[in-house]
Amino acid sequence: MTTRPAVDERREGLGSSWGELAPAAVLPAQLAPAFRCDASRQPEKRLMLAVLEEAVGAYQKLTCTTTPFGRRQFLAAQSWIESDEIRWPFSFANICEALGLDGTAVRRGLRTWRDHQRALPSELRTHIRHPFRRTSGTRTRARGRAPGIRPVD
């Protein structure tokens, strides 16, 4: 049994620059995965998802907080989520629409979760920690000074 390279016989005598690598035909189904428009391929939608994730994370993490700073952060996240503003591209309503989410259902689910957490005794409440976000560490801290900058005497 001999193996023969898969070459289109019509192209052998044409001196194609592709040589033996030229495909005989490309089907539309072969191109579909390359041109799929999902959120992971669109930076704007990834940014929108990050904004939504940050707000929901603050809402969940600070639902039962008692500190003034935490309370202000929670109220800021809550007012953004509850707002029906559509003039700003990164409003809750616009982000939900762009990502294909039902904003009303998200709001209802967060309210239900909040009310349930607040009804529980403090020792039974869910402690929210977002595993994909680094909230502490040295990656975002500036150390020393930039190269080439000297202090002024």
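This is a short dialogue on reading salt bridges, cysteines and a pocket in a predicted model.

Q: Let's start with charges. Why can side chains of opposite charge pair?

A: Such side chains can pair when their charged atoms come close.

Q: How many salt bridges does a search of the whole structure find?

A: The search finds four. Let's look at some of them. In one, the side chains of Arg-107 and Asp-84 meet, with 3.3 Å from N to O.

Q: Which parts does that pair tie together?

A: Arg-107 belongs to helix α6, while Asp-84 sits in the loop between α4 (68-82) and α5 (92-99), so the bridge links parts that are 23 residues apart in sequence.

Q: And is Arg-107 buried or exposed?

A: Here a cut-off helps: a residue is buried under 20% relative accessible area and exposed over 50%. Arg-107 has 10% relative accessibility, so it counts as buried. Its partner Asp-84 comes to 58%, and therefore counts as exposed.

Q: Where can I find another salt bridge to practise on?

A: Try Glu-85 and Arg-87, whose side chains meet at 2.9 Å, N to O. Glu-85 counts as partly exposed at 29% relative accessibility, and Arg-87 is exposed at 74%.

Q: What about Arg-114 and Asp-115?

A: Their side chains also form a salt bridge, at 3.2 Å from N to O. With 11% relative accessibility, Arg-114 is buried, whereas Asp-115, at 43%, is partly exposed.

Q: Now the cysteines. How many disulfides are there?

A: The idea is to look for two cysteine sulfur atoms within 2.5 Å of each other. Here the count comes to zero. You can still ask how accessible a cysteine is: Cys-64 is partly exposed, with a relative accessible area of 26%, and Cys-96 is buried at 2%.

Q: Which residues line the second largest pocket?

A: To read a pocket, look at its volume, then at its lining. This one has a volume of about 170 Å³. Its lining includes Gln-60, Lys-61, Thr-63 and Cys-64, as well as Trp-113, Gln-117, Arg-125, Thr-126, His-127 and Ile-128. The elements giving two or more residues to this lining are α3 (43-61) and α6 (103-119).

Q: How do the residues of that lining divide into nonpolar, polar and charged?

A: There are three nonpolar, five polar and two charged residues. Cys-64, the partly exposed cysteine from before, is one of the residues in this lining.

Key. Residues are numbered from 1 along each chain as its sequence is written. This is a predicted model: local features need pLDDT of at least 70, side-chain atom pairs count only at pLDDT 80 or more; totals for chains, interfaces and linings use all residues. Side-chain values use heavy atoms; hydrogens and water are left out. On a 1 Å grid over the protein atoms alone, a cavity is a set of points where a 1.4 Å probe fits but cannot get out, and a pocket is an open set with protein on both sides within 12 Å along at least five of seven lines; lining residues have an atom within 4 Å of a point. Grid points are joined across faces, edges and corners, and a volume is the space filled by probe spheres set on the points. Helices (H or I, at least four residues) and strands (E, at least two) are DSSP runs, numbered from the N terminus. Ala, Val, Leu, Ile, Met, Phe, Trp, Tyr, Cys and Pro count as nonpolar, Asp, Glu, Lys and Arg as charged, and the others, Gly among them, as polar. Buried means under 20% relative accessible area, exposed over 50%, partly exposed in between (1.4 Å probe, protein chains only).
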